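Student: I've got a model open and a list of labels I'd like to understand. Can we go through them one at a time?

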Amino acid sequence: MADFEGIGKAVLDADENKVVELVEQALKEGVPANQIVSGGLVKGMDVVGGLFKRDELFLPEVLISVKAMKRGMAILEPLLAGGKRETLGLVMLGTVKGDIHDIGKNLVKAIMEGAGFEVVDLGIDIGVETFVQKATELKPQIVGMSALLTTTMAYMKVIIDALQEAGIRDQVKIMVGGAPVTGAFAADVGADGAALDAIAAVELARDFVGLS
Ligand code: HCB
């Protein structure tokens, strides 16, 4: 019987060796990789997210849990159907044109991946053409934009308007984030929501894909 609870606890304890040991043990018992992901690793990250939200864990602790989760994923990923991981959805992330701040975006990426989303990171200083082209090509469920400057946050509307013009606005949910961004701003620019931190970003993303 696979120790899903133990795997979740090892993620919470950020005990990489224990994660590896229990994941390998579950595989030996014949438990399918996708069940180990959803029943163990993702459950563990859910607990981590909840504790962070209640200020019972701090960001560095969350990040080492993400690292432990990723050790488990590195073993399981090649075994998932067709070598492809079953994910909660595809998220496309980028820091908008004119802005090179990426610490927060990278945290969002790490924690979203920890929570079970697949994330394509477009990088920094990303213009409207790239957002539209990549959204058309990759068909993500969620587009996440980041801006840390009051001068660049306005560019989010340019991107949203362009997605609308390209006819794909209705096929994606859009979240905006970065220190100056608020819920009111998100509504103003036509986004579906704002996330004030990485855990809120995961919650919003789960909500977007109908999992809240
Ligand atoms: Co920078 N900078 N900076 N900066 N910078 C800020 C942002 C100021 C507020 C500092 C200040 O003046 N008080 C300010 C902006 C003022 C304004 O616009 N009102 C500022 C400025 C002015 C500038 C330059 C113009 C300075 C200059 O060159 N004269 C320049 C801009 C360059 C450019 O972008 N074109 C600049 C440069 C830099 C660096 C390169 C030195 C460095 C960035 C390094 C990097 O990111 N790789 C930097 C940094 C580090 C900062 C501060 C100190 C920290 C930002 C940060 O990383 N915060 C910041 C001051 C501050 O905030 N204390 C300062 C930590 C992360 C974890 O928080 O809010 O980014 P976060 O992300 C959260 C949250 O917002 C959300 O989740 C994250 C995780 O919890 N989130 C999302 C973020 N993105 C999301 C996307 C989603 O879809 C969903 C959620």
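**Labels and the values behind them**

Tutor: Sure. This is a predicted model, and a good place to begin is Lys 105, which sits in helix 5 (residues 103–115).

Student: Why is Lys 105 called buried?

Tutor: Buried means under 20% relative accessible area. Lys 105 comes in at 3% relative accessibility, so it counts as buried.

Student: What is Lys 105 in contact with, leaving aside neighbours within four places in sequence?

Tutor: Contact here means heavy atoms within 4.5 Å. With those neighbours set aside, Lys 105 touches Leu 93, Gly 94, Thr 95, Asp 121, Gly 123, Ile 124 and Ser 146.

Student: Let's follow Ser 146, then. Where is Ser 146, and what makes it buried or exposed?

Tutor: Ser 146 belongs to strand 3 (residues 142–146). Its relative accessibility is 9%, and the cut-off for buried is under 20%, so Ser 146 is buried. Beyond its neighbours within four places in sequence, its contacts are Gly 94, Thr 95, Val 96, Lys 105, Met 156, Gly 177 and Gly 178.

Student: Back to helix 5. How do you know that its length fits the number of residues in helix 5?

Tutor: Set the reach against the expected span. Helix 5 has 13 residues, and at 1.5 Å a residue one expects 18 Å. From first C-alpha to last, helix 5 reaches 18 Å, close to that expectation.

Student: Which residues of helix 5 are buried?

Tutor: Lys 105, Leu 107, Val 108, Ala 110, Ile 111, Met 112, Glu 113, Gly 114 and Ala 115. Right after helix 5 comes Gly 116, with a positive phi near 110°.

Student: And helix 2? How do you know that its span agrees with the residue count?

Tutor: By the same kind of check. Helix 2 (residues 16–28) has 13 residues, which should span 18 Å at 1.5 Å a residue; the end C-alpha atoms are 18 Å apart, so the two agree. Helix 2 is followed by Gly 30, whose phi is positive, near 90°.

Student: Which residues of helix 2 are buried, and what covers them?

Tutor: The buried ones are Glu 16, Val 19, Val 20, Leu 22, Val 23 and Ala 26. Their cover includes helix 1 (4–12), helix 3 (33–53) and helix 4 (59–76).

Student: Helix 4 has Ala 68 in it. What makes Ala 68 buried or exposed?

Tutor: Its relative accessible area is 0%, and buried means under 20%, so Ala 68 is buried. Leaving aside neighbours within four places in sequence, Ala 68 is in contact with Val 11, Ala 14, Asp 15, Glu 16 and Val 19. Glu 16 and Val 19 are among the buried residues of helix 2.

Student: What stands out about the phi of Asp 55?

Tutor: The phi of Asp 55 is positive, near 60°, in a residue other than glycine. Most residues other than glycine have a negative phi. Asp 55 is in the loop between helix 3 and helix 4. Its relative accessible area is 60%, and exposed means over 50%, so Asp 55 is exposed. The C-alpha atoms of Asp 55 and Ala 68 are 20 Å apart, with their positions 13 residues apart along the chain.

Student: Why is Asp 125 called partly exposed?

Tutor: Its relative accessible area is 43%, and partly exposed runs between the 20% and 50% cut-offs, so the label fits Asp 125. Asp 125 also has a positive phi of about 55° although it is not a glycine. Its place is the loop between strand 2 (118–121) and helix 6 (128–138).

Student: And Glu 165, in helix 8 (residues 155–165): what makes it exposed?

Tutor: Glu 165 has a relative accessible area of 74%, and the line for exposed is over 50%, so it is exposed. Glu 165 and Val 132 are 33 residues apart in sequence, with their C-alpha atoms 9.6 Å apart in space.

Student: Zooming out, how do you know that the protein is as compact as a globular one of its length?

Tutor: The protein has 10 helices and 5 strands. Its radius of gyration is 18 Å, close to the 17 Å from the globule rule for 212 residues, so it is as compact as a globular protein of that length. Of those 212 residues, 49% count as buried.

Note on methods: Residues numbered from 1 in each chain as written. Predicted model: local features only at pLDDT ≥ 70, side-chain atom pairs only at ≥ 80, totals over all residues. Heavy atoms only, no water. Helix = DSSP H or I, 4+ residues; strand = E, 2+ residues; numbered from the N terminus. Expected span 1.5 Å × (residues − 1). Buried < 20%, exposed > 50% of the residue type's maximum accessible area, 1.4 Å probe, protein only. Rg over C-alpha atoms; globule rule 2.2 N^0.38 Å.
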